[in-house]
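Colleague: Could you take one part of this model and go through it closely for me, with the cut-offs spelled out as you go? I would like the nonpolar core, and then the charged pairs.

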Amino acid sequence: MHHEILGEINRNAADGDGVAMIEYDLRKIKIQIIPDVQPFETTLKIAADVITRLEELDNVAKRIIVADLRDCYNSAWSEYDEVQEDGSLKTVSNPQLSESEFEKKLSLIGVDVIGNSGVDFFYDDSGLFAGHSVVVISLNGTDFSDARAEFFG
């Protein structure tokens, strides 16, 4: 199906989810529309609102990541041991990052819109957390005032 804001949306016949790809910041961003128990149109409307406000919400989400995860990176993830060919360990120490340096490492790669209130922003973190995913989770749609950042995987 074609949507005026999201463009082409491919629907999965098995579960009713939809996927759109949009251009943002010189790259393709995957938008997943997951109705859960809501009508598809309800979740689609929220997804369209997210995309209309994407630059604003991306900036808010990045500030949340900085507030929630930068200290964790600087205190626990900036230094790690790397296994060498001979089996020995070499300590790698990366510099502590300022808020702006940390934020510059973040690139939005995907958005999930779930039901009538879930919005998740997924980020590439330039390897800050050793391959773990970084996500900002809002349970209040585009109101990110209570959103939080997590890494997992």
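Modeller: What follows goes from the core to a helix, then to a lysine and the salt bridges.

This is a predicted model, in which local features need pLDDT of at least 70 and side-chain atom pairs count only at pLDDT 80 or more, while totals for chains, interfaces and linings use all residues. Residues are numbered from 1 along each chain as its sequence is written, and side-chain values use heavy atoms, with hydrogens and water left out.

The largest nonpolar core (buried Ala, Val, Leu, Ile, Met, Phe, Trp, Tyr and Cys residues joined through side-chain atoms within 4.5 Å) has 38 residues, and V50, F102, V111, F121 and V136 have the most contacts inside it. At least two residues of this core come from each of β3 (18-24), β4 (27-34), α1, α2, β7 (107-114), β8 (118-124) and β9 (133-138), and α2 gives the most, with 8 residues. Helices here are DSSP runs of H or I with at least four residues, strands are runs of E with at least two, and both are numbered from the N terminus. In soluble globular proteins, nonpolar side chains tend to be buried together.

V111 is in contact (heavy atoms within 4.5 Å) with I29, K30, I31, Q32, V50, L54, V119, D120 and F121, leaving aside residues up to four places away in sequence.

Helix α1 (residues 40-52) has 13 residues and reaches 18 Å from its first C-alpha to its last, close to the 18 Å expected at 1.5 Å a residue, where the expected span is 1.5 Å times one less than the number of residues. Its buried residues (under 20% relative accessible area, against over 50% for exposed and in between for partly exposed, with a 1.4 Å probe and protein chains only) include V50, F40, L44 and I51.

In helix α2 (residues 54-77) lies K62, which counts as buried because its relative accessible area is 11%. Beyond residues up to four places away in sequence, K62 touches E103, L106 and Y123.

The structure holds 6 salt bridges, each a side-chain nitrogen of Lys or Arg within 4 Å of a carboxyl oxygen of Asp or Glu. One of them joins R148 and E150 at 2.7 Å, N to O, with R148 partly exposed at 36% and E150 partly exposed at 30%. In another, the closest N and O atoms of D71 and R70 are 3.8 Å apart; D71 is exposed, with a relative accessible area of 52%, whereas R70 is buried at 18%.
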